[in-house]
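Biologist: I would like to learn how to read helix packing and burial in a model. Please show me the structure, and we can go through it step by step.

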Amino acid sequence: MERPYLSNFSAIIADKKLSIRAYITELVQQFESTTTDQIATPIQSIGLFSKKYFIVKFKFLNSHSDVLFEKEFQTSNYGKLDISVPKFYNGQLIYSLKIYETSYYPGVEVYLGSFLPIIIQNPKKIVISDFDKTLVDTKYSTPKEMYYSLNKPLTFFPTLNPSVDLLKEYIEKKFQPFILSASPHFYEKSIRDWLYQNKIFASDIYLKDYRDFVSFFEGTMTTKDIKKQGYYKLSQLVDIILMTGIPEELVLLGDGFESDIFIYLILRELIVEHTDPWKLWKSIKNHSVFTLNSKQDSYFLTKFYRVSELSKQSQVKEMKIYIRATEDNKEELQKMKFEHPHLIDDIKHIQFYTA
């Protein structure tokens with residue numbers, strides 16, 4: 001039986017608002033929770049490609065499970081929902097959510113789940129970690145490696161223990177964790193299972209939704225962004241900051257194999273050095289890591305200004321960037337030079353470690 005399915009969900013209370021981000025799709029069935037004998041593989045979820053809009057009803061509840069108010073929202077044509085509401089209603093804090101889809105079967109409210117929003121406490125402490133090549137040494141270079149990546153659980157690939165230990169260290173220090181990966185959205189269940197098996201309790205996982213590529217009028221990514229991760233990863237970083245507000249302490253974990261160094265330093269210029277958003281945007285829009293089109297130009301510039309204004313109201317007191325290196329490339333990464341006008345000497349802000 002086909003039914004709507006909530007493939008990814010994030011609800012964050014920070015400052016004066018509740019921010020909600022969700023992806024809805026349709027599935028023939030839902031896979032049962034995995035056990036140690038039944039570990040999720042990405043290919044089990046590869047059906048999460050449907051292109052369809054949904055009507056989603058939210059019931060916002062107080063701490064006594066009384067409904068404060070209800071409201072319906074329509075997703076984009078590929079099931080994306082990105083909304084925010086005040087965190088208080090009639091003086092009462094929104095404590096939990098119940099979510100239903102109301103258009104799939106006329107007259108029927110299909111229950112999608114109940115959730116407790118994550119509350120970002122003050123002082124805000126955020127840690128954002130990449131997944132591939134940072135926590136797990138995944139390989140996708142050859143057809144054989146791609147086959148294994150889809151048909152094998154992530155435990156098939158080597159765990160990068162120094163990275164895992166570093167992330168856990170910050171979680172133990174009460175940093176709110178976010179996982180940001182350029183892996184396709186149908187890897188979510190596998191990644192979530194792997195995190196729980198490694199005792200990393202991060203509910204917010206941001207993955208590249210490949211339906212965005214086929215949504216010509218609403219999506220912002222094009223075929224160039226399948227291989228180039230710059231636009232996707234920086235835009236997601238900015239979105240996380242907009243949901244949480246400017247943290248007093250921010251930690252970023254990534255690797256030296258793609259564009260993480262450049263992207264993390266661009267974010268640092270925006271929220272720590274307070275570089276003018278217009279000048280920063282102009283300096284990166286044609287960079288090979290991004291090569292932005294007109295729609296992406298507009299998206300970036302708008303978000304850059306919003307983050308810049310937030311950073312003027314709340315200061316980042318400490319920002320640390322950790323980049324995973326190997327014995328072979330660590331020295332090369334440490335000597336890296338940027339011709340970018342704002343990043344000439346910024347490599348000194350990176351802490352490299354071997355894993």
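Biologist: At roughly what angle do the axes of H6 and helix H7 (residues 277–284) cross?

Modeller: Keep in mind that this is a predicted model. The axes of H6 and H7 cross at roughly 160 degrees and come within 10 Å. An angle over 145 degrees counts as roughly antiparallel, so H6 is roughly antiparallel to H7.

Biologist: Which hand does the crossing of H6 and H7 have, left or right?

Modeller: The crossing is right-handed. From H6, the contact takes in Phe-262, Ile-266, Glu-269 and Leu-270. H7 supplies Pro-277, Leu-280 and Ile-284.

Biologist: How do the residues of that contact divide by class?

Modeller: Six are nonpolar, none is polar and one is charged.

Biologist: Why do contact residues on a helix often recur three or four places apart?

Modeller: An α-helix has 3.6 residues a turn, so residues at that spacing point the same way. Try this on the next pair.

Biologist: Which residues of H5 meet H6?

Modeller: Gly-230, Lys-233, Leu-234 and Leu-237. Across from them in H6 are Asp-260, Ile-263, Tyr-264, Ile-266 and Leu-267. By class, this contact has six nonpolar, one polar and two charged residues.

Biologist: At what angle do H5 and H6 cross?

Modeller: Roughly 35 degrees. The axes of H5 (residues 230–244) and H6 (residues 260–271) come within 10 Å. H5 passes H6 in a right-handed crossing.

Biologist: Now burial. How many of the 10 residues of helix H3 (residues 188–197) are buried?

Modeller: Read burial from relative accessible area: under 20% is buried. In H3, seven of the 10 residues are buried, so the helix is largely enclosed by the rest of the structure. They are Glu-188, Ser-190, Ile-191, Arg-192, Asp-193, Trp-194 and Leu-195.

Biologist: What do the buried residues of H3 pack against?

Modeller: One helix and three strands: helix H2 (161–172), with strands E1 (3–14), E12 (176–184) and E13 (204–208).

Biologist: What phi does Lys-199 take, just after H3?

Modeller: A positive one, about 60 degrees.

Biologist: And Lys-139: where is its place?

Modeller: Lys-139 is in the loop between strand E11 (125–129) and helix H1 (143–151). Its relative accessible area is 35%, so Lys-139 is partly exposed.

Biologist: What distance separates the C-alpha atoms of Lys-139 and Phe-157?

Modeller: Compare chain spacing with distance in space. These two residues are 18 apart along the chain, and their C-alpha atoms are separated by 8.2 Å.

Conventions: Residues numbered from 1 in each chain as written. Predicted model: local features only at pLDDT ≥ 70, side-chain atom pairs only at ≥ 80, totals over all residues. Heavy atoms only, no water. Axes fitted to C-alpha atoms, helices over the stretch in contact; angles between N-to-C directions. Helix = DSSP H or I, 4+ residues; strand = E, 2+ residues; numbered from the N terminus. Left-handed = near helix turned anticlockwise from the far one by under 90°. Contact = heavy atoms within 4.5 Å. Nonpolar A, V, L, I, M, F, W, Y, C, P; charged D, E, K, R; others polar. Buried < 20%, exposed > 50% of the residue type's maximum accessible area, 1.4 Å probe, protein only. Parallel < 35°, antiparallel > 145°, perpendicular 65-115°, else oblique.
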